[in-house]
Amino acid sequence: MASRPLTFGVRYRDRGRTVRVHADERDSKRYVLEVSQHGGKAVRREHASLADALRGFASAWRERLH
C-alpha cells in the first residue's frame, strides 16, 4: 500500500505582511516558514516538524503587533 504525506499549508496576510507555512519541496517531512513584507526580502526558516513550524508561525504573526 502506498503512503502519501499529508499536505498542509497556511497563509495569513495583513497590511503588506505575509506569513506562510508550507511543506518543503525537497523533503516532505520538513516545513518552511516564510515571512515577507511588501517591498522587502522574505525571511525563510526551515523546521523539522509541523508543531515547530506552527509555533514559529504564531510568533511571527504576533510580531506584526509590535
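## An aromatic cluster

Phe57 is buried, its relative accessible area being 10%, and this residue is a useful place to begin reading the structure, which is a predicted model. The rings of Tyr12 and Phe57 form an edge-to-face aromatic pair, with 5.3 Å from centre to centre and 80° between the planes. Because Tyr12 lies in strand β1 (residues 9-14) while Phe57 lies in helix α1 (residues 50-63), this pair ties together parts of the chain that are 45 residues apart in sequence. Tyr12 itself is partly exposed, with a relative accessible area of 41%.

Tyr12 also pairs with Trp61: the ring centres lie 5.3 Å apart and the planes stand at 80°, so this pair too is edge-to-face. Here again distant parts of the chain are linked, since Tyr12 belongs to strand β1 and Trp61 to helix α1, 49 residues apart. Trp61 counts as buried, at 15% relative accessibility. A search of the whole structure finds 2 aromatic pairs, and Tyr12, Phe57 and Trp61 form one aromatic cluster.

## Strands β1, β2 and β3

Strand β1, which carries Tyr12, runs antiparallel to β2, and 6 bridges join these two strands. Within this pairing, Arg13 stands opposite Thr18 in β2. The hairpin of β1 and β2 has 2 residues between the strands, and in this hairpin Arg15 takes a positive phi near 50°.

On to the next pairing: β2 and β3 also run antiparallel, and 7 bridges join them. One of the residues involved is Ala23, whose bridge partner in β3 is Tyr31. How many of the 7 residues of β2 are buried? The count is 5, so β2 is largely enclosed by the rest of the structure.

## Salt bridges

Side chains of opposite charge can pair when their charged atoms come close. The structure holds 11 salt bridges, and the ones described here include a contact between the side chains of Arg26 and Asp24, at 3.6 Å from N to O. The two partners differ in their surroundings, because Arg26 is exposed, with a relative accessible area of 64%, whereas Asp24 counts as buried, at 6% relative accessibility.

A further salt bridge joins the side chains of Arg30 and Glu46, at 4.0 Å from N to O. Arg30 is found in the loop between β2 (17-23) and β3 (31-37), and Glu46 is found in strand β4 (residues 43-47), so the pair ties together parts that are 16 residues apart in sequence. Arg30 counts as partly exposed, at 28% relative accessibility, and Glu46 is likewise partly exposed, with a relative accessible area of 38%.

## A shared network

Glu46 has another salt-bridge partner in Arg44, their side chains meeting at 4.0 Å from N to O. Arg44 is partly exposed, with a relative accessible area of 41%. Which residues are joined into one network by salt bridges that share partners? They are Arg20, Asp24, Arg26, Arg30, Glu34, Arg44 and Glu46, so that the network takes in the exposed Arg26 as well as the buried Asp24.

Definitions and conventions: Residues numbered from 1 in each chain as written. Predicted model: local features only at pLDDT ≥ 70, side-chain atom pairs only at ≥ 80, totals over all residues. Heavy atoms only, no water. Buried < 20%, exposed > 50% of the residue type's maximum accessible area, 1.4 Å probe, protein only. Helix = DSSP H or I, 4+ residues; strand = E, 2+ residues; numbered from the N terminus. Phe/Tyr/Trp six-rings, centres within 6.5 Å; stacked < 30°, edge-to-face > 60°. Pairing = 2+ DSSP bridges.
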